[in-house]
Amino acid sequence: TYDAGTDTFTVAAGTGDRLTFGGFGASRTALRRGQFESFVDPAGVVTAVAAWTGDGRIAETRATAGGVTESYLYAYGTTGGSFGQLTAATLRRSTDGGATWATVRSVEYAYYGTGEAHGNRGDLKTATVRDAAGAALSTDYYRYYQPGEAGGYVHALKFAVTGASYDRLAAAVGDVAAAADAALGPYANHY
């Protein structure tokens, strides 16, 4: 359904879930048009956008249930291959209504830049999950087909090496980004 007063669209599922998205009115920045605004589950728990970036990207979402508030903070790249891309997401929790927060976990995303081997500008290169103290828990690495390369097409995923497989690969070859496809292949979770 569309609500002209708030310029929002709500989709209600038979399960009781309700998703609300921003409308396409001129009062919204271009990036906020059609964006997620909130989700209500069948138990009535609301997950909603709590903050936006100046250009209209989601900066934070929050949900509260059982006296615990969970917040996801999002950061976006401003230069190179990460421009406009999600570069970090941080989960934090509060038990006092948001007066104090404790980081639970985060993930950092790195992207290929122009002219880099094994990826095209803007392709996801790594996703690194970190604990509350910032120590890396796991890394996922991605490699893509580039122009003129046989067997695929530009931006098509060639290899995905995740978690423990990435750790084994790094121990075997040292510099994962410099490893030849033949050296990386045996460790890939997906090819």
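Me: Before anything else, what counts as a helix or a strand here?
Reply: Helices (H or I, at least four residues) and strands (E, at least two) are runs assigned by DSSP, numbered from the N terminus. This is a predicted model, where local features need pLDDT of at least 70 and side-chain atom pairs count only at pLDDT 80 or more, while totals for chains, interfaces and linings use all residues. Residues are numbered from 1 along each chain as its sequence is written, and side-chain values use heavy atoms, with hydrogens and water left out.

Me: Cool, so how many helices and strands are in the chain?
Reply: The chain has 2 helices and 12 strands.

Me: And in what order do the elements run?
Reply: From the N terminus on, they go β-β-β-β-β-β-β-β-β-β-β-β-α-α.

Me: New topic: how many salt bridges are there?
Reply: A search of the whole structure finds 12. A salt bridge here is a side-chain nitrogen of Lys or Arg within 4 Å of a carboxyl oxygen of Asp or Glu.

Me: Which residue does K158 pair with?
Reply: K158 meets D181 in a salt bridge, 2.7 Å from N to O. K158 lies in strand β12 and D181 in helix α2 (residues 181-184), so the pair ties together parts 23 residues apart in sequence.

Me: Is K158 buried or exposed?
Reply: K158 counts as buried, at 4% relative accessibility. D181 is partly exposed, with 26%. Buried means under 20% relative accessible area, exposed over 50%, and partly exposed in between (1.4 Å probe, protein chains only).

Me: Which residues do shared salt bridges join into one network?
Reply: D7, R28, R32 and E37.
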